[in-house]
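Work through the exercises below with the sequence and the coordinates open beside you. Each one sets a task and then solves it step by step.

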Amino acid sequence: MKHTLLLFLLFISLSLTAQNSRFRIMEYNVENLFDTIHAPGKQDVDFTPQGKYRWTSSLYHAKLGKLARAIVAVGGALPPDVIVLCEVENDSVVRDLCRHTSLCRLGYEYIVTHSADRRGINVAVLYQPMTFRPFETDTLRIAYHPATEKPTRDVLRVSGRVASGDTLDIMAVHWPSRAGGQEKTEPYRIRTAQRIRAATDSLMLHRLRPALVITGDCNDEFHNRSLSEGLRALLPQPPFADTSLYILSANLKGPEGIRGTYKFRGEWNQLDQFVVNGALLQASEGLRTTPSNCQIVHFPFLTEPDPSGGLKPRYTYLGSHYHGGTSDHLPLLLDLYE
């Protein structure tokens, strides 16, 4: 009888642990993760040994090692379950990151887009197959005006099951840049957001209990029209509606005066975003999260002193000069619980 009771208490303890296990998603714009080989038809010659940046194999592998260090540090005792990367060139660089750095022992699998971006920039999703099991992937190609706009990155949707059996839909995004001016390029980002919103509405309509995460570099802050009007994303204030979208990355504050993931002319910008649907914010069981579970990641090796004050991300390049940092952005993380 005593042995049976102990087994029962152990079962209850394990069940409670499983129900409250952490599911960590990391988002990171990794600043031009190119290999050293020119891809025909792409404007990537600058990232070759003879190009503008004198991008060599040794510099490439050093950057991979630094990115792996950041990913391992974000995971802590357990590796991040899903990692969304922006500004990766192709499958090859993601494979090298997963197989030829300290990440090789962690067993990540990955999915990469093959977008029409002229520089060859893509987004990728890395995942732990033991904690996230994809069953469907899709890409959204964003329409553009050839006379005034360039092709942008595809949106990558990965739908998978987590350990609890719940379905989680992840959309990895990298919206059109602000090159040419924020005001001039804003309509393109608004259309991109509208396309994503239409896709998410359709997706949530077909889920019994939708659990949706949109993350990536939006090249806009939470108050800009692409997010507030195009995506129709709200600040996370209750009551939450299951199929409404909420920006968890709005007004984030990190340590040592950090107020964003990207710094431009001495001012922090929160261009990287985590957006979730309301069902994740009001659940008492199954997949769930809170606004406080979204954080800016800071480790000393990712930043350096800013001459204008405080800290700034330590870039890989300053102009065409190799600077030796990891990325011009800081990572974001979001913890869900099962």
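**Exercise 1: a central strand**

Six bridges join β7 to strand β8 (residues 212-217), and the two run parallel; place β7 within its sheet and state how it pairs with strand β6.

Solution. The model is a predicted one, in which local features need pLDDT of at least 70 and side-chain atom pairs count only at pLDDT 80 or more, while totals for chains, interfaces and linings use all residues. Residues are numbered from 1 along each chain as its sequence is written, and side-chain values use heavy atoms, with hydrogens and water left out.

Step 1. Strands (E, at least two residues) and helices (H or I, at least four) are DSSP runs numbered from the N terminus, and two strands pair if DSSP finds at least two bridges between them. The open sheet has seven strands in the order β5-β6-β7-β8-β13-β10-β9, with mixed pairing; its edge strands, each pairing on one side only, are β5 (132-140) and β9 (233-234).

Step 2. On the β6 side, six bridges connect residues 155-162 to the β7 residues 167-174 in antiparallel fashion. Leu 156 stands opposite Ala 172, and Arg 157 has Met 171 as its bridge partner. The two strands form a hairpin with four residues between them, and Gly 165 in the turn has a positive phi of about 100°.

Step 3. On the β8 side, His 174 has Asp 217 as its bridge partner.

**Exercise 2: burial of β7**

Decide whether β7 is enclosed or open to the surroundings.

Solution. Buried means under 20% relative accessible area, exposed over 50%, and partly exposed in between, with a 1.4 Å probe and protein chains only. Thr 167, Asp 169, Met 171 and Val 173 point one way, whereas Leu 168, Ile 170, Ala 172 and His 174 point the other way, and all are buried. Because eight of the eight residues are buried, β7 is largely enclosed by the rest of the structure.

**Exercise 3: a charged pair**

Find which side chain meets that of Arg 157 in a salt bridge, and characterise both partners.

Solution. A salt bridge is a side-chain nitrogen of Lys or Arg within 4 Å of a carboxyl oxygen of Asp or Glu, a rule by which the count comes to 16. The partner is Glu 136, at 3.1 Å from N to O; this pair links distant parts of the chain, with Arg 157 in strand β6 and Glu 136 in strand β5, 21 residues apart. Arg 157 is buried at a relative accessible area of 11%, whereas Glu 136 is partly exposed at 37%.
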